[in-house]
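Colleague: I should like to learn how to read a structure that is new to me. May I put my questions to you one feature at a time?

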Amino acid sequence: KQYQMSIKTIDVHCSNGHLLFGRYIKMKSGFLMKCYISRIGKDYVGVSGLPDETDVFCPGCKLRIGRIKTVKGMPAVFINHGTVKRIKT
């Protein structure tokens, strides 16, 4: 199987429409499952430097949008489904 890299720059919003991450670099096609912190262009939440297992909340509406986990040695925000607008690339 060959995978085609489909790099896109997207904005990530909570389900209430607040901007969470601007200019996030998404590397694979499909639904957004996690946001690697190093690929976030503009961080409106303040996730940089948070320890693992920290819950992440939308600064606008206090909705829990995910949790910090380390994936492949890189910190990432694991997205809570239903709290972030569905993005499919």
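Colleague: Let me begin with a pairing of strands. In which sense do β2 and β4 pair, and over how many bridges?

Modeller: Please keep in mind that this is a predicted model. As a general idea, strands of a sheet pair through backbone hydrogen bonds, either parallel or antiparallel. Here β2 and strand β4, residues 42–43, pair in the antiparallel sense, over two bridges. Within this pairing, G22 stands opposite K42 of β4.

Colleague: How many bridges join β1 to β2?

Modeller: There are five bridges between β1 and β2, and the two strands run antiparallel. Two positions help to locate the pairing: V12 has F21 of β2 as its bridge partner, and I10 stands opposite Y24 in β2. The hairpin of β1 and β2 has five residues between the strands, and G17 takes a positive phi near 95 degrees there.

Colleague: Now to the overall composition. How many helices and how many strands does the protein have?

Modeller: The protein has seven strands and zero helices, so its pattern along the sequence reads β-β-β-β-β-β-β. The radius of gyration is 12 Å, close to the 12 Å that the globule rule gives for 89 residues, so the protein is as compact as a globular protein of that length. Along the principal axes, the C-alpha atoms fill a box of roughly 40 × 30 × 20 Å.

Colleague: In what order do the strands of the open sheet lie?

Modeller: The open sheet has four strands in the order β3-β7-β6-β5, and their pairing is antiparallel. Its edge strands are β3 (34–36) and β5 (55–57), each of which pairs on one side only. From one strand to the next, the twist averages 35 degrees. At the β3 edge, three bridges connect β3 with strand β7, residues 74–79, in the antiparallel sense. There, C35 has V77 of β7 as its bridge partner.

Colleague: Which residues have the most contacts inside the largest nonpolar core?

Modeller: They are V12 and V77, in a core of 22 residues. At least two residues of this core come from each of β1 (8–13), β2 (19–26), β3, β6 (64–71) and β7. V77 illustrates how such a residue is surrounded: leaving aside neighbours within four places in sequence, V77 is in contact with ten listed positions' worth of residues, among them F21, M33, C35, V47, V56 and I68.

Colleague: What share of the residues is buried, and how much surface is accessible?

Modeller: Of the 89 residues, 33% are buried. The accessible surface comes to about 5600 Å², and 53% of this surface belongs to carbon and sulfur atoms. As for contacts with a separation of 6 or more, 39% are between residues 24 or more positions apart.

Colleague: Let us finish with a single residue. Is I25 buried, partly exposed or exposed?

Modeller: In general, the side chains of a regular strand alternate between the two faces of the sheet. I25 is found in strand β2. The relative accessibility of I25 is 36%, so this residue counts as partly exposed, a class that lies between the cut-offs of 20% and 50%. Not counting residues up to four places away in sequence, I25 touches I7, K8 and R39. From I25 to Y36 the C-alpha to C-alpha distance is 8.8 Å, and the two are 11 residues apart in sequence.

Terms used
Residues are numbered from 1 along each chain as its sequence is written. This is a predicted model: local features need pLDDT of at least 70, side-chain atom pairs count only at pLDDT 80 or more; totals for chains, interfaces and linings use all residues. Side-chain values use heavy atoms; hydrogens and water are left out. Two strands pair if DSSP finds at least two bridges between them. Axes are lines fitted to C-alpha atoms, for helices over the stretch in contact, and angles run from 0 to 180 degrees between N-to-C directions. A nonpolar core is a set of buried Ala, Val, Leu, Ile, Met, Phe, Trp, Tyr and Cys residues joined through side-chain atoms within 4.5 Å. Buried means under 20% relative accessible area, exposed over 50%, partly exposed in between (1.4 Å probe, protein chains only). Contact means heavy atoms within 4.5 Å. The radius of gyration is taken over C-alpha atoms; the globule rule is 2.2 Å times the number of residues to the power 0.38. Accessible areas come from the Shrake-Rupley method with a 1.4 Å probe; for residues, only the protein chains shown count as cover.
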